[in-house]
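Student: Please give a close account of the largest pocket, and then set out the strands and side-chain contacts found elsewhere in the chain.

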Amino acid sequence: MRSISIFILLCLQWQLSLAQTDSVRVWNKWCANKDSMVLYEEANNTIQVYSPTLKPAQMTLKAADGSLRMGKPEIKGDTIAVLAMPHPSRNKPMKLLVLNAKTKKVIKTVSFYSEEVPTPVAHVGAIQTSEALQKDILKQTALKVAFPRSLYSYPYTVKQYIFKIHHAKGGATIPVNGGFITREILTQIKDAPSGTIMEFTDIKASCPECVTKSLGDVKLKIK
């Protein structure tokens, strides 16, 4: 009878351990897909850890080796957040250990992979093609910053640009502080005939704790 009780107790402990492992969620805040275990080289990464069954104070984080370096973890509400700096070697995964803060036993092991961040580009709102219908262009409200073929999602914003448009009916060169497409620019686009090419030049973008970047010019043709 005693052996049966011990067996049941071990089973319960095993099930509890599995439940804790499955319920611990780990992701990079600045990756657009939380299920993609990616850290970006020479970029901003914030690893976040959450569990519905464990309080943040009950968990601690540890890098398996020097390929993953981390700052001091901070508890923000029900989540642990820590800055991460990937130093990958030979394309091997970088392992993060989530430990029980009291027993130091491993609750979960997560393997991160590294990617380089591509050069950011600007788009006219949601338009990512070189030409668009006039009515669709007029719906856009601001220039947006994107990272082509990447899930990197750190919040870059356009700080300034120059709008240029010229056609048979006239034209204009309009400097803008900020990333919004102004009413003056929308009027110019509305008055332009089909086939007109507009340009957005001298685009400057920045992000929190980042140096300002110069982005490539954007040309957009009205269909």
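Tutor: A pocket here is an open set of grid points, at each of which a 1.4 Å probe fits, with protein on both sides within 12 Å along at least five of seven lines. Its volume is the space filled by probe spheres set on those points. The model under discussion is predicted.

By this procedure, the largest pocket has a volume of about 340 Å³. Its lining consists of 18 residues, and those nearest the centre are W30, N45, T46, L83 and E209. Three strands, namely β3 (46-50), β6 (74-76) and β7 (79-86), contribute at least two lining residues apiece. The greatest contribution is that of β7, which provides six residues. Sorted by class, the lining comprises nine nonpolar, five charged and four polar residues.

The next topic is the sheet. Four strands form an open sheet in the order β2-β9-β8-β4, and the pairing is mixed. The edges are occupied by β2 (38-41) and β4, each of which has a single partner strand, so one side of each lacks a neighbour in the sheet. From one strand to the next, the twist averages 30°.

Strand β8, which spans residues 94-100, merits separate attention. Five of its seven residues are buried, so this strand is largely enclosed by the rest of the structure; a residue counts as buried under 20% relative accessible area. Strand β8 pairs with β4 (residues 59-63) in the antiparallel sense, over five bridges. Within this pairing, K62 lies opposite L97 of β8, and A63 has L96 of β8 as its bridge partner. Strand β8 is also joined to β9 (residues 106-116), through six bridges, and these two strands likewise run antiparallel. Here L97 stands opposite T109 in β9. L97 therefore faces K62 in the pairing with β4 and T109 in the pairing with β9, as the definition of strand pairing by bridges allows. Strands β8 and β9 form a hairpin with five residues between them, and in this hairpin K104 adopts a positive phi near 65°.

Finally, there are the charged side-chain contacts. The structure contains two salt bridges. One of them joins the side chains of R25 and D35, with an N to O distance of 3.9 Å. This pair links distant parts of the chain, 10 residues apart: R25 belongs to strand β1 (residues 25-28), whereas D35 lies in the loop between β1 and β2. R25 has a relative accessible area of 38% and is therefore partly exposed. D35 reaches 65% relative accessibility, so D35 counts as exposed; the cut-off for that class is over 50%.

D136 and K139 form a salt bridge as well, and their closest N and O atoms are 3.9 Å apart. D136 is partly exposed, because its relative accessible area is 28%. K139, at 59% relative accessibility, is classed as exposed.

Conventions: Residues are numbered from 1 along each chain as its sequence is written. This is a predicted model: local features need pLDDT of at least 70, side-chain atom pairs count only at pLDDT 80 or more; totals for chains, interfaces and linings use all residues. Side-chain values use heavy atoms; hydrogens and water are left out. Buried means under 20% relative accessible area, exposed over 50%, partly exposed in between (1.4 Å probe, protein chains only). Axes are lines fitted to C-alpha atoms, for helices over the stretch in contact, and angles run from 0 to 180 degrees between N-to-C directions. On a 1 Å grid over the protein atoms alone, a cavity is a set of points where a 1.4 Å probe fits but cannot get out, and a pocket is an open set with protein on both sides within 12 Å along at least five of seven lines; lining residues have an atom within 4 Å of a point. Ala, Val, Leu, Ile, Met, Phe, Trp, Tyr, Cys and Pro count as nonpolar, Asp, Glu, Lys and Arg as charged, and the others, Gly among them, as polar. A salt bridge is a side-chain nitrogen of Lys or Arg within 4 Å of a carboxyl oxygen of Asp or Glu.
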